[in-house]
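Open the model in your viewer and keep the sequence panel beside it. The tour goes from the whole chain to the cores, then to single residues.

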Amino acid sequence: MSDAAGATSDEWAQWRVLLALESELLPVVCQPGLTVAPTSVLVDYGKVPSRFTRDGFVVGFPAWTRHVSSSREVETWQADPRLGICLQTRQIHALDVDLSDPEAVTRVERLCSFWDLPIRRRANSPRVLLLFRPEAPTSKRVLHTPVGDLELLGLGSQCVVAGQHPS
């Protein structure tokens with residue numbers, strides 16, 4: 001990742017071209033220190049689909065669960081270094097491993113080592129996001145453990161796959 005808060009051109013190309021998921025991509029504002037629009041219901045940004053108003057304020061991305069992104073939209077988002085990539089979990093699902101114990105995270109990763117999609121990691125946390133292509137779409141599910149949650153992100157969910165992620 002570069003010094004920019006958002007996704008790099010290579011990251012956009014990976015998701016758009018190599019993985020052929022352009023229609024599933026959405027922008028997520030990653031640049032810290034920006035102002036959320038006073039009229040927005042968005043409390044904070046960086047983890048949910050978001051964009052900018054014409055006045056430069058951050059707002060949520062309306063009706064994102066029904067949105068199918070076009071090449072033109074993705075090209076516009078890719079040109080803005082403040083934007084990261086949010087993936088809708090329709091074709092791809094994710095296992096969000098929100099465990100505080102690094103050894104437990106490693107065990108989960110080993111169990112899922114046959115999955116061949118990118119793994120999202122954060123330098124400041126043992127937590128990972130494991131992506132996979134499901135045999136059949138499913139809905140979101142959460143398994144609570146003593147060291148955190150394992151969250152299956154299915155239909156109607158999204159995850160940040162590139163760009164700075166808030167702690």
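## Whole chain

Start with contacts, meaning heavy atoms within 4.5 Å. Among those in the chain between residues at least 6 apart in sequence, 64% join residues at least 24 apart.

This is a predicted model, where local features need pLDDT of at least 70 and side-chain atom pairs count only at pLDDT 80 or more, while totals for chains, interfaces and linings use all residues. Residues are numbered from 1 along each chain as its sequence is written, and side-chain values use heavy atoms, with hydrogens and water left out.

Switch to cartoon. The chain has 3 helices and 10 strands. These are DSSP runs numbered from the N terminus: helices are H or I with at least four residues, strands E with at least two. The order along the sequence is α-β-β-β-α-β-β-α-β-β-β-β-β. The radius of gyration is 16 Å, close to the 15 Å of the globule rule for 167 residues, so the chain is as compact as a globular protein of that length. That radius is taken over C-alpha atoms, and the rule is 2.2 Å times the number of residues to the power 0.38. Rotate to the principal axes: the C-alpha trace spans about 45 × 30 × 30 Å.

Now show the surface. Its accessible area comes to about 9,200 Å², with 52% belonging to carbon and sulfur atoms. The method is Shrake-Rupley with a 1.4 Å probe; for residues, only the protein chains shown count as cover. Of the 167 residues, 47% are buried. Buried means under 20% relative accessible area, exposed over 50%, and partly exposed in between (1.4 Å probe, protein chains only).

## The cores

Select Trp15, Ile85, Leu87, Leu131, Cys159 and Val161. Of the 34 residues in the largest nonpolar core, these touch the most other members. Such a core is a set of buried Ala, Val, Leu, Ile, Met, Phe, Trp, Tyr and Cys residues joined through side-chain atoms within 4.5 Å. At least two core residues come from each of H1 (9-18), S1 (25-29), H2 (71-78), S4 (83-88), S7 (125-132) and S10 (158-162).

Centre on leucine 131. What does leucine 131 contact, leaving aside neighbours within four places in sequence? The partners are Trp15, Leu87, Ile92, His93, Ala94, Trp115, Leu117, Pro118, Cys159 and Val161.

Then pick Leu95, Ala104, Val108 and Leu150. They are among the 10 residues of a second, separate core.

## Two alanines

Go to alanine 20, in the loop between H1 and S1. Alanine 20 has a positive phi of about 55° although it is not a glycine. Buried or exposed? Alanine 20 is exposed, at 56% relative accessible area.

Next, alanine 63, in the loop between S3 (58-60) and H2. Alanine 63 also has a positive phi, about 50°, without being a glycine. This residue is partly exposed, at 39% relative accessibility.

## Two distances

Select aspartate 101, in the loop between S5 (93-99) and H3 (102-111). Aspartate 101 is partly exposed, at 25% relative accessible area. Add glycine 84: the pair is 17 residues apart in sequence and 27 Å apart in space, C-alpha to C-alpha.

Now swap glycine 84 for serine 125, in S7. Serine 125 is buried, at 19% relative accessible area. Serine 125 and aspartate 101 are 24 residues apart in sequence and 9.8 Å apart in space, C-alpha to C-alpha.
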